[in-house]
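Me: I'm new to this one. Could you walk me through how its helices and core fit together?

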Amino acid sequence: MEFFNPRLGYSKLREEMMTLLVLGLALFFLLHLVPIFAREARSSVISRIGALPYKGLFALASISSLFLVYKGWTLTDPVFVYEAPRWAYHLAALLVLLGFILFIASNAPTNIKRVIRHPQLTSIILWSTGHMMVNGETRSLLLFGGFLIWSLISILGSNHRDGEWEKPERVSTLKDVVTVLIALVLYGVFAVWVHEWLIGVSPMPPA
């Protein structure tokens with residue numbers, strides 16, 4: 001006669017949550033690689049159902065994948081691989097701040113886009129690298145390592161798809177300043193209030 005073993009049940013639940021995280025990441029990455037590596041298939045689907053329904057389905061699938069990632073990460077217990085040194089938290093904060101600036105710049109007319117071809121994907125690389133420096137447990141390494149690899153693949157694929165880089169026209173330096181200021185404010189709000197509320201983990205270095 002078999003009895004329920006709490007340890008085995010808990011271990012199985014942890015594996016299921018990790019699987020949920022992997023499925024969410026796989027769905028998100030595959031969805032966002034389609035416009036780069038499967039343009040003909042994408043065009044075929046749009047011609048059949050229309051551009052608006054396609055965008056709606058794409059957005060719904062993307063949100064669903066991020067929900068799976070969020071639930072999978074938050075419900076998976078951390079298994080530590082390494083412990084970050086204190087200085088890594090300060091460097092990680094700088095990388096994430098630069099990531100905020102590039103992410104905002106990617107959606108604004110700035111001269112930053114004359115220097116960096118893919119500011120949004122580069123921001124994800126910085127964000128991922130910073131978080132991997134201070135989160136030495138399996139669920140985070142899977143999450144941030146996955147986004148890092150996906151961003152690199154997306155950059156290489158986009159460069160091959162689009163050919164030679166045509167830089168945008170130069171704009172006023174004031175727009176760069178405004179972009180940086182907006183990023184600083186958003187970074188401060190997210191670091192002080194939103195991060196711990198949303199993720200359950202403080203981004204501040206341990207005392």
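Me: Which residues touch the most other members of the largest nonpolar core?
Reply: Happy to help, and please keep in mind that this is a predicted model. The largest nonpolar core has 17 residues. Helix H1 (6–37), helix H3 (51–75), helix H6 (119–134) and helix H7 (138–162) each supply at least two of them. Those touching the most other members are Leu25, Phe29, Leu143, Phe147 and Trp150.

Me: What does Leu143 touch, not counting residues up to four places away in sequence?
Reply: Leu143 belongs to H7's side of the contact with H3, where Val69 and Trp73 are among the H3 residues. Leaving out residues up to four places away in sequence, the partners of Leu143 are Leu25, Val69 and Trp73.

Me: Are H3 and H7 roughly parallel or antiparallel?
Reply: Let's start with the geometry: H3 and H7 pack with their axes 9 Å apart, at an angle of about 155 degrees. Angles over 145 degrees count as roughly antiparallel. That angle therefore makes H3, relative to H7, roughly antiparallel.

Me: How many nonpolar, polar and charged residues does the contact of H2 with H3 have?
Reply: Helix H2 (residues 39–49) and H3 cross at roughly 120 degrees, and their axes come within 7 Å. From H2, Arg42, Val45, Ile46 and Ile49 meet Ala51, Pro53, Tyr54 and Leu57 of H3. Arg counts as charged. Sorted by class, the contact of H2 with H3 has one charged, no polar and seven nonpolar residues.

Key
Residues numbered from 1 in each chain as written. Predicted model: local features only at pLDDT ≥ 70, side-chain atom pairs only at ≥ 80, totals over all residues. Heavy atoms only, no water. Core = buried A, V, L, I, M, F, W, Y, C linked by side-chain atoms within 4.5 Å. Buried < 20%, exposed > 50% of the residue type's maximum accessible area, 1.4 Å probe, protein only. Helix = DSSP H or I, 4+ residues; strand = E, 2+ residues; numbered from the N terminus. Contact = heavy atoms within 4.5 Å. Axes fitted to C-alpha atoms, helices over the stretch in contact; angles between N-to-C directions. Parallel < 35°, antiparallel > 145°, perpendicular 65-115°, else oblique.
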